[in-house]
Amino acid sequence: MRIDLSGKTALVTGSTQGIGLAIARNLATAGARVAVNGRKAETVDRAVAELAEQVPGAELIGAPADVTSEEGTAELLGALPKADILVNNLGIFGAQPAMEITDEEWRRYFEVNVLAAIRLTRAYLPGMTEAGWGRIQYIASDSAIVIPAEMIHYGVSKTALLAASRGFAKEAAGTGVTVNAVIAGPTHTAGVEDFVYQLVDPALPWDQAQREFMRLHRPQSLLQRLIEPEEIANLSAYLASPLASATTGAAVRVDGGYVDSILP
């Protein structure tokens, strides 16, 4: 199969590093014009430069904006009023005892992980339906289904994304626009390395720390290792393509078999 996104414009939120950067790279490799988003112009510029080197000839747009606010979203829409592909990747996570999570933290996780994605969906979906083609994705998590005891606020926010994805898929029914969630499993990013070392001995070498983390905190993983960002990006690129035209309203797993279920 060859994924061809020539002539399509894609926005990937939170795409200056990790999963978002890998998704942006895959979409650019497939020929899409890709808007790279992050809060700070310098980190966006750095990511754009990195992608330009890795994908010669790629058409890239630097789109710095804080999409967790209405003002930042308006700034982004001024620079990119229309998109054919929207990948809602932006998210925060962190370990915290359940009884110590304040109302303020609950609101922050909802604002960043859920409302930012919903706001951008409202902004871009009408243009997609008018064009008769579009792709919207929500990068969710295994934590949406298997709520982790050490970060239930994160898990709940990702559960909300699954509901939002299914609901907007119904809103887009019959228009040529597909809306899906990607259930990503434990993934190897710089942020996750920090998270792992919050839970295991920080003196351990990374390979040993990773194995210890999976053994103690994610024992149900069938992969028994962290997933690489490119492995998430491969599924995202497929769902963004014309090849996935019959997949909508779905929560598609790329979780290394972490979720103990025979259903997607």
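Let me begin with one contact, in which the side chains of Glu230 and Arg25 meet in a salt bridge, with 3.7 Å from N to O. Glu230 belongs to helix α8, which covers residues 229-240, while Arg25 sits in helix α1, so this pair ties together parts that lie 205 residues apart in sequence. I should say at once that we are looking at a predicted model, and that every value I quote is computed from it.

How buried or exposed are the two partners? Glu230, at 38% relative accessibility, counts as partly exposed, whereas Arg25, at 17%, counts as buried, because the limit for that word is under 20%. The pair does not stand alone, since Arg25, Glu50 and Glu230 are linked in a network of salt bridges.

In general terms, side chains of opposite charge can pair when their charged atoms come close. The structure as a whole holds nine salt bridges, and I would like to show you two others among them.

Arg218 forms a salt bridge with Glu150, and here the closest N and O atoms are 3.0 Å apart. Arg218 lies in the loop between α7 (206-217) and α8, and Glu150 in the loop between β5 and α5, so this contact ties together parts that are 68 residues apart in sequence. On accessibility, Arg218 counts as buried at 5%, and Glu150 also counts as buried, with a value of 19%.

The other example is Arg225, which forms a salt bridge with Glu231, the closest N and O atoms being 2.9 Å apart. Both residues are partly exposed, Arg225 at 33% relative accessibility and Glu231 at 29%.

Let me now turn from contacts to empty space, which is revealed by rolling a probe the size of a water molecule over the atoms. The largest pocket in this model contains about 1200 Å³ of space. Which residues lie closest to its centre? They are Gln17, Asn89, Gly91, Ile92 and Phe93, out of 48 residues that line the pocket.

Several elements give two or more residues to this lining, namely α1 (18-29), β2 (33-38), α2 (41-54), β5 (134-141), α5 (152-171) and α6 (190-199). The largest share comes from α6, which supplies five residues. Helix α1, where we met Arg25 at the start, is thus also one of the elements named for the pocket lining.

What is the make-up of the lining by class? The lining has 21 nonpolar residues, 18 polar ones and nine that are charged.

Definitions and conventions. Residues numbered from 1 in each chain as written. Predicted model: local features only at pLDDT ≥ 70, side-chain atom pairs only at ≥ 80, totals over all residues. Heavy atoms only, no water. 1 Å grid on protein atoms, 1.4 Å probe; cavity = no way out; pocket = protein on both sides within 12 Å on 5 of 7 lines; lining within 4 Å. Points joined across faces, edges and corners; volume = space filled by probe spheres on them. Helix = DSSP H or I, 4+ residues; strand = E, 2+ residues; numbered from the N terminus. Nonpolar A, V, L, I, M, F, W, Y, C, P; charged D, E, K, R; others polar. Salt bridge = Lys/Arg side-chain N within 4 Å of Asp/Glu carboxyl O. Buried < 20%, exposed > 50% of the residue type's maximum accessible area, 1.4 Å probe, protein only.
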